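The following exercises treat burial, polar contacts, enclosed space and cysteines in a single chain. Each task is followed by a worked solution.

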Amino acid sequence: MKSICNVLQGLKPVLLMITVQVAFTAVNVFYKLAINDGMSVTVATAYRLAFGSAFTVPLALISERKNRPKMTWRVLLMAFLCGLFGGSLFQNLFYGALALTSATFVSAIYNLIPAITFILAISCGLEKLKLREAAGKAKVLGTLIGIGGAMLLTFYKGLEIDIWPFHINLLHSHHHQHQNGHNLILGVLCAIASCFSYAFWLIIQAKMSKEYPSHYSSTALMSTAGAIQATLYGFCVERDWSQWRLGWNIRLLTVAYSGIVGSGLVFIIIAWCIQMRGPLFASVFNPLMLVLVAVAASLMLNENLYLGSVLGAVLIVCGLYMVLWGKSKEMKKKTQLVPSETIKEADEAIEVVVMSTTNPIDNDKVDYNDHNQISITKNVNKDLDDLPKNGEEHDIHNEELRETNK
C-alpha cells in the first residue's frame, strides 16, 4: 500500500499537468462556442481578465499578507507590461485568430512560442547561439523546423482526414463564419502576433520574478492591469452595449470558466509543478493541448482535419522538443559547473586559512566561536607560561641544597 502511495505521489505532477492541458482545451472550445454565439472577442477578453483578477487578488492578499515584497514604480511598470503582452493584447490577438480560423490551427501556432522566445532572447542578449555545441545546434534547428511546420500548416491542406464515425456539431450553422482568403490571412497574422506578444511577456515576467518574487501577488497585479487595459479597449472598440450583457448562457459560462479556471487555478497548478519539477517539465506538456483540441474540434465543432494540418503540427511539436532538449542540455551543463566552482572556492579558502596560521597569533584579536576552544587555548597558554617558572624554582632549590652540604 505504501509503494502504491509513493507511485501516485510521483505521478501527481504528471496528472496535474495533463489536467492543465484539458482545462486549456476546454477554454478554447468554450471561446469558439461563445464567439459563434455572437460574443465579441474584446468583450470576452475583458470579462475573462476581470474574473481572473477577482479570483487572484483575494488569494494574494490572504496567502502573501506577511511576506509580500516592497512595491516600487518599476514593479508596477513591469506589471503593466505583463498585463499588456501576456493578458489583454495576447488574448485579443489569440482569440481573434480563433474566431477567424480554427481551434486546431491556433493551438498548433501556439507551440511556436518557445522558438519565437528563443529568437527574441538572442536579439535582447539573454541567449547565445553557441553553434559549436550540440545544444546550440538543436535550438537553432528546432526553431527552423517549427517555423517550417507553421508555414506548412498555413499554406497546405492536402487530403481530408475523417476518422470519426459520428460528429457532434455544437456550432449553429447560421452563426458559423466561413473561412475565406482574407479571413484566413488576417487570422494567421493575428496568431503569429499573439505568439510574439506572449514571448515578450515571458521575457518581462522573468525579470519581474527576480525583483518581485511573489507569484500570487504578481499574477494578481498582471490580471488587474490586463483587465483595466482590456476593459478600456473594449469600451473604445465595442459600442454595442448589448454585447456587455451576460445572461445565463454560454457567454457567462465561457468568461467565468476561462477567468477562474484558465487564468486562476491553472496558473497556481503550473507554479506548483514548476517548483517541483522545473519549467522544462511544464513546457513538455504544451503539445498535448494541440492533440486534445484537434480531437475535440473534430468531434464537437465540425472542424475538418487535413493532411497538411497533421504534418505541420508534427513538425511544430518536433521543433519544440528539439528546442527544449537543447535548453535542458545547457541547464545540465550549468548545474555541473556549479559544484566544481564551489570546490575551487573552498580550496582557496582553506589555503588562505593555512597560510594565515603561520603568523604569530594574537590571543586578544582572535575571535573563537567555540567555548571549549577558548578554555583549551587558555590552559595551553597557562601551562606554557608556567614551565619556565617551575624550571627556575627547581634550579634555585638545587642551588640551596649544594650550599647547605658544603
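A polar contact is a pair of N or O atoms within 3.5 Å; within protein, one atom must be able to donate a hydrogen and the other to accept it, and residues adjacent in sequence count only if both atoms are side-chain atoms. The model is predicted, with local features requiring pLDDT of at least 70 and side-chain atom pairs counting only at pLDDT 80 or more, while totals for chains, interfaces and linings use all residues. Residues are numbered from 1 along each chain as its sequence is written, and side-chain values use heavy atoms, with hydrogens and water left out.

**Exercise 1. Overall composition**

Task: State how many helices and strands the chain has, and what share of its residues is buried.

Solution. Step 1: helices (H or I, at least four residues) and strands (E, at least two) are DSSP runs, numbered from the N terminus. The chain has 13 helices and 2 strands.

Step 2: buried means under 20% relative accessible area, exposed over 50%, and partly exposed in between (1.4 Å probe, protein chains only). Of the 406 residues in the chain, 38% are buried.

Step 3: contact means heavy atoms within 4.5 Å. Among contacts with a separation of 6 or more, 88% are between residues 24 or more positions apart.

**Exercise 2. Polar side chains**

Task: For lysine 32, arginine 239 and serine 263, decide whether each is buried or exposed and identify polar partners.

Solution. Step 1: lysine 32 belongs to helix 1 (residues 2-36). Lysine 32 is classed as buried because its relative accessibility is 9%. Its side chain reaches the backbone oxygen of threonine 101 at 3.3 Å.

Step 2: arginine 239 sits in the loop between helix 8 and helix 9. With 61% relative accessibility, arginine 239 is exposed. Its side chain reaches two backbone oxygens, that of phenylalanine 235 at 3.4 Å and that of cysteine 236 at 3.3 Å.

Step 3: serine 263 is part of helix 9 and is buried, at 6% relative accessibility. A 3.1 Å polar contact links its side chain with that of arginine 48. Beyond neighbours within four places in sequence, serine 263 is in contact with Arg48, Gly52, Thr56, Gln91 and Ser258.

**Exercise 3. Enclosed helix**

Task: Explain why helix 4 is described as largely enclosed by the rest of the structure.

Solution. Step 1: helix 4 spans residues 103-110, and 8 of its 8 residues are buried, so the helix is largely enclosed. The buried residues are Ala103, Thr104, Phe105, Val106, Ser107, Ala108, Ile109 and Tyr110.

Step 2: at the start of helix 4, a side-chain oxygen of serine 102 comes to within 3.2 Å of the backbone nitrogen of phenylalanine 105.

**Exercise 4. Cavities**

Task: Give the volume and lining of the largest cavity and of the second largest cavity.

Solution. Step 1: on a 1 Å grid over the protein atoms alone, a cavity is a set of points where a 1.4 Å probe fits but cannot get out, and lining residues have an atom within 4 Å of a point. Grid points are joined across faces, edges and corners, and a volume is the space filled by probe spheres set on the points. There are 2 cavities of 30 Å³ or more.

Step 2: the largest cavity holds about 50 Å³. Its lining consists of Thr56, Leu59, His215, Tyr216, Thr219, Gly264, Phe267 and Ile268. Helix 2 (41-63), helix 8 (215-237) and helix 9 (250-277) are the elements that give two or more residues to this lining.

Step 3: the second largest cavity holds about 30 Å³ and is lined by Asn111, Leu112, Ala115, Gly142, Gly146, Ile316, Gly319 and Leu320. Helix 12 supplies the largest share of that lining, 3 residues.

**Exercise 5. Cysteines**

Task: Determine how many disulfides are found and describe the surroundings of cysteine 195.

Solution. Step 1: a disulfide is a pair of cysteine sulfur atoms within 2.5 Å. The search of the whole structure finds 0 disulfides.

Step 2: cysteine 190 is buried at 17% relative accessible area, whereas cysteine 318 is partly exposed at 39%.

Step 3: cysteine 195 lies in helix 7 (residues 181-211) and is buried at 2% relative accessibility. Leaving aside neighbours within four places in sequence, cysteine 195 is in contact with Ile109, Tyr110, Leu112, Ile113 and Ile116.

Definitions and conventions
On a 1 Å grid over the protein atoms alone, a cavity is a set of points where a 1.4 Å probe fits but cannot get out, and a pocket is an open set with protein on both sides within 12 Å along at least five of seven lines; lining residues have an atom within 4 Å of a point.
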